[in-house]
Amino acid sequence: QGRIFSGIQPTHGIHLGNYLGAIRHWVRLQGSYDCIYCIVDQHALTTLQDPQEMRRNTREAAAALVAAGVDPKRSILFVQSNVAAHSQLTWILSCVARMGWLNRMTQFKEKAGKDRENAPVGLFTYPVLMAADILVYKATHVPVGEDQKQHLELARDIAGSFNRRFGNELFPLPEPMILGEATRVMSLRDGTKKMSKSDPSDQSRINLTDDADAIALKFRRAKSDSILGITYDPEARPEASNLLTIYAALADRPRAEIEAEFAGTSFSEFKSRLADLAVEKLSPINAEMRRLQADPGYLDAILREGAERAAAIAGPVLKEAYELVGFLDPR
Ligand code: TYM
């Protein structure tokens, strides 16, 4: 029935957008697919170049994923740099991908900013590494938030191009799975901007490491508008719409139902209900993260075993790719 692959960068802590847009789906999909989940430290290196922080964030991401319900017995959970096949396949794919395809990537344009001459080369080739992540497992489905859609289209183009050039159907074309209501959670300070790890304001996002007081305070201070009642209208009321979406996703109920419930409620009342719900859903994860982080040996063992299991799948696929392009087998 197919294989799932998805990844998360250990750039900063994991936030509510990551959780609602991706991780909670990763957890559910474990019941029906063969799942591989990866902490993509090599992707994070494009922007995070502090070794201490890299180590800390990588372990914290592992704790967050396990605490949120990624089960290392059912799924493979590992760190990207621990499985060399990702980088090895990246080189081959970077000889298939075209400059023009990468030039169209909006995330590069956003992240590189105006000073493009000074952007790391890895930031430009980032989507090729991402394609390799997926294809080296012959993954068929990739659960992500809305912002990764363009990268996944590129991964499909690269897979198709490799298949045509070197050998029919080595790589299945991976299907994006963009699931649920909260495919694009917005900043709490500005309803037109994505909730993001790179936003300088910590007030703009709820982190999985935030305690109950921090969560309540951030929702209380979240930007609102002066219209009475809470209604869904992303154009005219981006903040109200975002908070409604977050509520619906956390409650796991249809958005229209939540909208009907709060149509006559004031912002301050709604925010306090939302904060209560968020604390109820997130504090068990937060507590479990702390418990797991107290025993780094346990997490490291999970990641080590995950890397071994991942390498056992990726190795033979890489070997097939090497043969198809004509690289000699050293044995
Ligand atoms: P990253 O680390 O930025 O985010 C991890 C996941 O969280 C989703 N996400 C969001 N969903 C809804 N609202 C938001 N505000 C929000 N912010 C983030 C992302 O869509 C993603 O699913 N390039 C990827 C990591 C990656 C990857 C892969 C993903 C590397 N290789 C292979 C899938 C397959 C990234 O930077 O995600």
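1. Rings of Phe, Tyr and Trp, the last taken by its six-membered ring, count as paired if their centres lie within 6.5 Å. With that cut-off, Phe5, Phe78 and Tyr137 form one aromatic cluster in this structure, which is a predicted model.

2. The structure holds 10 aromatic pairs. Phe108 and Phe124 form one such pair, with 5.1 Å from centre to centre and 75 degrees between the planes, an arrangement that is edge-to-face. This pair links distant parts of the chain, since Phe108 belongs to helix H6 (residues 106-112) and Phe124 to helix H7 (residues 121-135), with the two residues 16 residues apart.

3. On the solvent side of the same two rings, the cut-off for a buried residue is under 20% relative accessible area. Phe108, at 9% relative accessibility, therefore counts as buried, and Phe124, at 12% relative accessibility, counts as buried as well.

4. Turning to helix packing, helix H9 (residues 212-221) packs with helix H12 (residues 267-293) at an angle of about 150 degrees, and their axes are 9 Å apart. Because angles over 145 degrees count as roughly antiparallel, H9 and H12 are roughly antiparallel to each other. The crossing of these two helices, H9 and H12, is right-handed.

5. On the H9 side, the contact is made by Ala212, Ile215, Ala216, Phe219, Arg220 and Arg221, while H12 contributes Lys271, Leu274, Ala275, Ala278, Val279 and Leu282. Sorted by class, the contact of H9 with H12 has 9 nonpolar and 3 charged residues, and no polar ones.

Definitions and conventions: Residues numbered from 1 in each chain as written. Predicted model: local features only at pLDDT ≥ 70, side-chain atom pairs only at ≥ 80, totals over all residues. Heavy atoms only, no water. Axes fitted to C-alpha atoms, helices over the stretch in contact; angles between N-to-C directions. Helix = DSSP H or I, 4+ residues; strand = E, 2+ residues; numbered from the N terminus. Parallel < 35°, antiparallel > 145°, perpendicular 65-115°, else oblique. Left-handed = near helix turned anticlockwise from the far one by under 90°. Contact = heavy atoms within 4.5 Å. Nonpolar A, V, L, I, M, F, W, Y, C, P; charged D, E, K, R; others polar. Phe/Tyr/Trp six-rings, centres within 6.5 Å; stacked < 30°, edge-to-face > 60°. Buried < 20%, exposed > 50% of the residue type's maximum accessible area, 1.4 Å probe, protein only.
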